[in-house]
Amino acid sequence: MNKQLYQKPPLAAEDQIRLLKSRGLQIPDEDRASRYLHNIGYYRLSGYMYPFLANTKQHLYKKGIIFNDILNLYRFDRELRLLVFSAIEKIEIALRAQIADQFSITYKDPLWYTDVKYFYDPVKHTDFLNSLNSNIIRSNDIFIKHFSNTYANPLPPIWIIFEILSMGQFSKLYDMTAKSPPRKAVADYFGVKETVFTTWLHTLVYVRNICAHHARLWNKDFRIPVKIPKKTTNKWLANSNVNDRKVYIIFAIIIYLLDIITPNHTFRQKVKTLLEKYPNINITAMGFPLNWESDPFWDFNIPEN
């Protein structure tokens, strides 16, 4: 395949506005549009322009589309990311605690993660420990320095280690463990099978990273499909015939896990409030099925404090 050189010239905000207007976008307040283009950037904003195009090859806009339509979609996506990121933070902390506790208590060893016999791949385990040692050496955290200055152990207990591991790292640690009672106990705590729990972990890490890096989320197609459970301990979607690569299934996972971790959460209502605030958002592009609100899983009458 012959590749061509990138030859598009950089454009000042004023030139970008002229280009957008020539393509049919209505911009009533050019000064305001220029300010947003300066502070957000044309390329980032362009990801929110595509749903409003009538012709994606020539970048021609549908009739009647104004600049504020694009801004509203951008604002919605930003608020969506903040909402999801905050919820995943609560889930992440609970996951850390469960994995640390279940394995440590079962094996009666807070340093179990250093023993290769608990892992299915010795090479991956060695790579993990090498990476962990590098993290510890680079760490400026007071609790890491205190442990090193106080104890002769080369590595701290798992509950200290989990404070310096990213969600992606402790997700991989769990994934590397061999089938075992504590591995199953973690999944059982959340009321799903291990195979489902593992894919949920990967998906939550992926979505968390999207939010942390301010990438577009609202109509994202996830690279790896989410495993939809056939059986759960707690309430799950009555209509599970949904797109397994869209935001809707992420909402379902978050709500399911929060129902276990913090039963009085307000995530359901926050989702509804956000959608009501932006009524023109195409929720079909987010994977919402028809009549989604009638699903008992979305019971907005559930007491939430």
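This section describes the overall architecture of a predicted model and then its helix α5, its nonpolar core and several individual residues.

The secondary structure of the protein comprises 12 helices and 2 strands. In sequence order these elements follow the pattern α-α-α-β-β-α-α-α-α-α-α-α-α-α. The C-alpha trace extends over about 70 × 50 × 45 Å along its principal axes. Of the 305 residues, 44% count as buried. The accessible surface amounts to about 17,200 Å², and carbon and sulfur atoms account for 52% of this area. Among contacts between residues at least 6 apart in sequence, 64% connect residues at least 24 apart.

Helix α5 comprises residues 122-138. For its 17 residues, a rise of 1.5 Å a residue predicts a span of 24 Å, and the end C-alpha atoms are indeed 24 Å apart, so the expected and modelled values agree. At the start of the helix, a side-chain oxygen of D121 comes to within 3.0 Å of the backbone nitrogen of V123. The buried residues of α5 are H125, F128, L129, L132, N135 and I136. Viewed down the helix axis, these buried residues fall within an arc of 120°, and they therefore line one face of α5. An α-helix has 3.6 residues a turn, so residues three or four places apart point the same way. The face turned away from the buried side of α5 carries the exposed residues V123, I137 and R138. Cover for the buried residues of α5 includes helices α6 (142-150), α7 (158-161) and α8 (167-176).

Two members of the buried face of α5 were examined individually. H125 has a relative accessible area of 3%; this value is under 20%, and H125 is therefore classed as buried. Leaving aside residues up to four places away in sequence, H125 touches Y113, T114, D115, V116, F119 and M176. With the same exclusion of residues up to four places away in sequence, the contacts of L132 are Y113, L155, I161, I164 and L165. Y113 accordingly appears in the contact list of H125 and in that of L132. Of these contacts, M176 belongs to the residue range of α8 and is touched by H125, while I161 belongs to the range of α7 and is touched by L132.

L132 and Y113 also feature in the largest nonpolar core, which contains 99 residues. Within this core, F76, Y113, L132, F251 and I254 touch the most other members. Helix α4 (residues 67-107) gives the most to the core, contributing 16 residues.

Helix α4 also contains S104. With a relative accessible area of 8%, under the 20% limit, S104 is buried. The side chain of S104 forms a polar contact with the side chain of W112 at 3.3 Å. When residues up to four places away in sequence are not counted, S104 touches D109, P110, W112, I158 and W159. W112 is thus both the polar partner of the S104 side chain and a member of the S104 contact list.

The loop between α1 (13-22) and α2 (30-40) contains D29 and also P28. P28 is exposed because its relative accessible area of 73% is over 50%. D29 has a relative accessible area of 40%, between the limits of 20% and 50%, and is therefore partly exposed. The C-alpha atoms of P28 and I66 are separated by 7.8 Å, although these residues lie 38 residues apart along the chain. For D29 and F67, likewise 38 residues apart along the chain, the C-alpha separation is 8.8 Å.

Backbone geometry was considered at two histidine residues. Most residues other than glycine have a negative phi, and most peptide bonds are trans. H59 has a positive phi, near 60°. H59 is situated in the loop between β1 (53-55) and β2 (60-61) and is partly exposed, with a relative accessible area of 24%. H214 likewise has a positive phi, near 60°. H214 occupies the loop between α10 (194-212) and α11 (247-261) and counts as partly exposed at 46% relative accessibility.

Notes:
Residues numbered from 1 in each chain as written. Predicted model: local features only at pLDDT ≥ 70, side-chain atom pairs only at ≥ 80, totals over all residues. Heavy atoms only, no water. Helix = DSSP H or I, 4+ residues; strand = E, 2+ residues; numbered from the N terminus. Buried < 20%, exposed > 50% of the residue type's maximum accessible area, 1.4 Å probe, protein only. Contact = heavy atoms within 4.5 Å. Expected span 1.5 Å × (residues − 1). Arc of directions from axis to C-beta. Polar contact = N/O pair within 3.5 Å; in protein donor to acceptor, adjacent residues only side chain to side chain. Core = buried A, V, L, I, M, F, W, Y, C linked by side-chain atoms within 4.5 Å. Areas by Shrake-Rupley, 256 points an atom, 1.4 Å probe, with all protein chains shown as cover.
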